Amino acid sequence: NPNSPQYHNYLTPDQFNSLFAPTADQVQQVVSYLQSQSLTVTSVAPNNLLIDATGSVAQVQQAFNLQINNYQIGNHVFYSNASAPSVPTSISQLITSISGLDNSVQYQPLYQRAQHATPLATPSGVGPKDLSGAYNAAPLQNAGTLGDNQTVAIFELDGYQQSDVTQYFQNYGLGTPNISPVLVDGVSGTPGSGAIEVELDIEVVAAMAPHANQIIYEGPNTTAGLNDTYNKIVTDNKAQIASTSWGLCEASTGNAELQTLDAIFKQGAAQGIAFFAAAGDSGAYDCGDTNLVVDSPADDPYVTGVGGTNLQLNAGAYGSESVWSNPSDTSRSPEGAGGGGGFSGLYTQPTWQAGTGVGNGNGGKREVPDVSADADPASGYAMYCTVTTAGCPSTGWITVGGTSASAPLWAGGAALLNQYLQSQNKSRIGNANAALYNLFNTQQTYPACLLYTSDAADDLTRV
C-alpha cells in the first residue's frame, strides 16, 4: 500500500517468520500426524509453509482417506487420487493444500520457437542492442547502469549448458555475468528437453542487465518441486527480482495450489522481491482448449504478469508495437497463439488494478497481463543453444518468441531500475504492480499504450 507509512520497509525472512509463519507447535501437530500414519517427513521449509513427506501408495491412501488410481486419456497415462484428500479436524485448519497425489499435469515452458528452413550459422532475431534501443534502456546502460549489485533469481524446471550461455555472452560482448545454479529437491542440473527455456531466460536477462548476478533455481517438474523451488527463492532472499517462464492454466492448477503459491508470493512481496511471470502463449485460452482461462502464476496479484507483442524496429530503435495474435498457429491451442490474458477465476481484482480499459466485464476479478513486451516468434529473440535433447541444432543459433522471453526482459529491465534507484538513495521496486498502475494513471511524457485483441465476442484482453 503506497499510502502506508510501512511502504517499502521490507521484511527479512526472520521478521516474516516471527510475524506470519506457522508456529513450531503448529508444524509439529502436522508432522506428528504424518508420522503416525507411517509417512516419512523429509523436510520442513525454513518459513514453515511447506512440509515434504513420502510414503507408499497404501500409506498415503490411509493418511488422507482416499484412493489413488491409474488412468488413461488417449495416450496420456497417469495416476491420481479419485477424491479430495481429508485429514482429522484437529489439523485440517492448519493445511492449505495437499499436493503430490497425482502426476496428471506438468508445467510447461512458455516459449515459441521460430522455424528456420536451414540451421542458422549466425544470429537471427533481436539481440541485446535491439532490445535496449527499442525499450529505451540504452541511456541507462550508456551511463554505466548495467545491473551492478543486483541479483535476479530465475525459476526453472530444467537445467542448462554453461557453454551455450557463455557463447551468447561472447558473441554480444556482454562480458562474463555471474551465474550460479541452486539445485532443489535433488535434481541433477543436467539440461533436458526444457533447456531452451532455461538458456533463453539467462540470455535475455543478461541482454538487459549484463552485470546483474543471476541465481538459477532448478527444481523437479512436479507440484511439490514447483512449490519448493519458489519457496527456496523466497526463503533464501538473495534476489531482489525473480523471473519465471513456466506456467500452467488456472483450471489445471486448482484453487488449493493457487492459494499455496499465493502465500509464497505474498512473503516475497513483503521481502521486496519483484516477481515477473510469463502470461502464456495461447491468448485467452491458456488451457489449450476453447475455454477462457488465464495462466498461473502470472494470475497472482503478487506477481507482475507479462504478456506479448509484435515488435517492429526502426534503424535499431523502437518502430512500432502491436498485440501478438496469430489465430492460424494452433500448435498449442485450437484458438491460436498470442500473448496470454483475460480474467482470473480465483483472485479478486486488487485495489491498485484500475485505469482506462480495466474492469470491462471482469466480474471483479484480477486481470492479466499487467505489462507486455516483444514475444511474437515473427519478431523473436536471437539465442544460442546446442542441447540436442531440447532439439537445438549443432550450429547453436535459433530464434525464439513467447512470453517466456518477455518476462526475463522485464526482469532484466527491473535490475537496471533498481540500480538507478539505489544510486538515488531510494528503495528498490519490490512488487511492481501498484507502482505500474500508478504510472499508468498519471500524466507521463511518454504515456503507456493500450493494446487489445478480441479473441471472442465476450472477451477483450488488455495488453
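**Exercise 1. How exposed is K232, and what is its relative accessible area?**

Before we start: this is a predicted model, where local features need pLDDT of at least 70, side-chain atom pairs count only at pLDDT 80 or more, and totals for chains, interfaces and linings use all residues. Residues are numbered from 1 along each chain as its sequence is written, and side-chain values use heavy atoms, with hydrogens and water left out.

*Step 1.* Set the classes: buried means under 20% relative accessible area, exposed over 50%, and partly exposed in between (1.4 Å probe, protein chains only).

*Step 2.* K232 has a relative accessible area of 32%, so K232 is partly exposed.

*Step 3.* Look for a partner of opposite charge. Lys and Arg count as positive and Asp and Glu as negative, while His and the chain ends are not counted. A salt bridge is a side-chain nitrogen of Lys or Arg within 4 Å of a carboxyl oxygen of Asp or Glu. K232 forms one with D236, with the closest N and O atoms 3.3 Å apart.

*Step 4.* Place the pair. Both residues lie in helix α9 (residues 223-236), 4 residues apart, about one turn of the helix. Helices (H or I, at least four residues) and strands (E, at least two) are DSSP runs, numbered from the N terminus. D236 is partly exposed because its relative accessibility is 22%.

**Exercise 2. Work through further salt bridges: where do the partners lie, and are they buried or exposed?**

*Step 1.* The count comes to 4 salt bridges by this rule.

*Step 2.* One of them joins K266 and D262, at 3.5 Å from N to O. Both sit in helix α11 (residues 255-270), 4 residues apart, about one turn of the helix.

*Step 3.* K266 is partly exposed at 41% relative accessibility, whereas D262 is buried at 11%.

*Step 4.* Another joins D370 and R366, at 2.7 Å from N to O. D370 is buried at 9% relative accessibility, and R366 is buried at 0%.

**Exercise 3. Which side chain of opposite charge is nearest to D295, and how far away is it?**

*Step 1.* D295 is buried yet has no salt bridge; the nearest side chain of opposite charge belongs to R332, 8.1 Å away.

*Step 2.* Check for polar partners. A polar contact is a pair of N or O atoms within 3.5 Å; within protein, one must be able to donate a hydrogen and the other to accept it, and residues adjacent in sequence count only if both atoms are side-chain atoms. The D295 side chain reaches the backbone nitrogen of C249 at 3.4 Å.

*Step 3.* List the neighbours. With contact meaning heavy atoms within 4.5 Å, D295 touches L110, G247, L248, C249, A278, A279 and D286, leaving aside residues up to four places away in sequence.

*Step 4.* Find the strand: D295 lies in β13 (residues 295-296).

**Exercise 4. What is the strand order of the open sheet that holds β13, and which strands stand at its edges?**

*Step 1.* Two strands pair if DSSP finds at least two bridges between them. The order of this open sheet of 3 strands is β5-β11-β13, with antiparallel pairing.

*Step 2.* β5 (108-109) and β13 each have a single partner strand, so one side of each is left without a neighbour in the sheet.

*Step 3.* Inspect one pairing. β5 and β11 (residues 246-249) run antiparallel and are joined by 2 bridges, and Q108 stands opposite G247 in β11.

**Exercise 5. Find the unusual backbone angles.**

*Step 1.* Recall that most residues other than glycine have a negative phi, and most peptide bonds are trans.

*Step 2.* S296 and P297 are joined by a cis peptide bond with omega about 10°; P297 is in the loop between β13 and β14 (304-314).

*Step 3.* V368 and P369 are also joined by a cis peptide bond, with omega about 0°. P369 lies in the loop between β19 (365-368) and β20 (371-374).

*Step 4.* N136 has a positive phi of about 60° although it is not a glycine. N136 lies in the loop between α5 (128-134) and α6 (138-142) and is exposed at 56% relative accessibility.

*Step 5.* N149 has a positive phi near 60°, lies in the loop between α6 and β7 (151-156), and is exposed with a relative accessible area of 64%.
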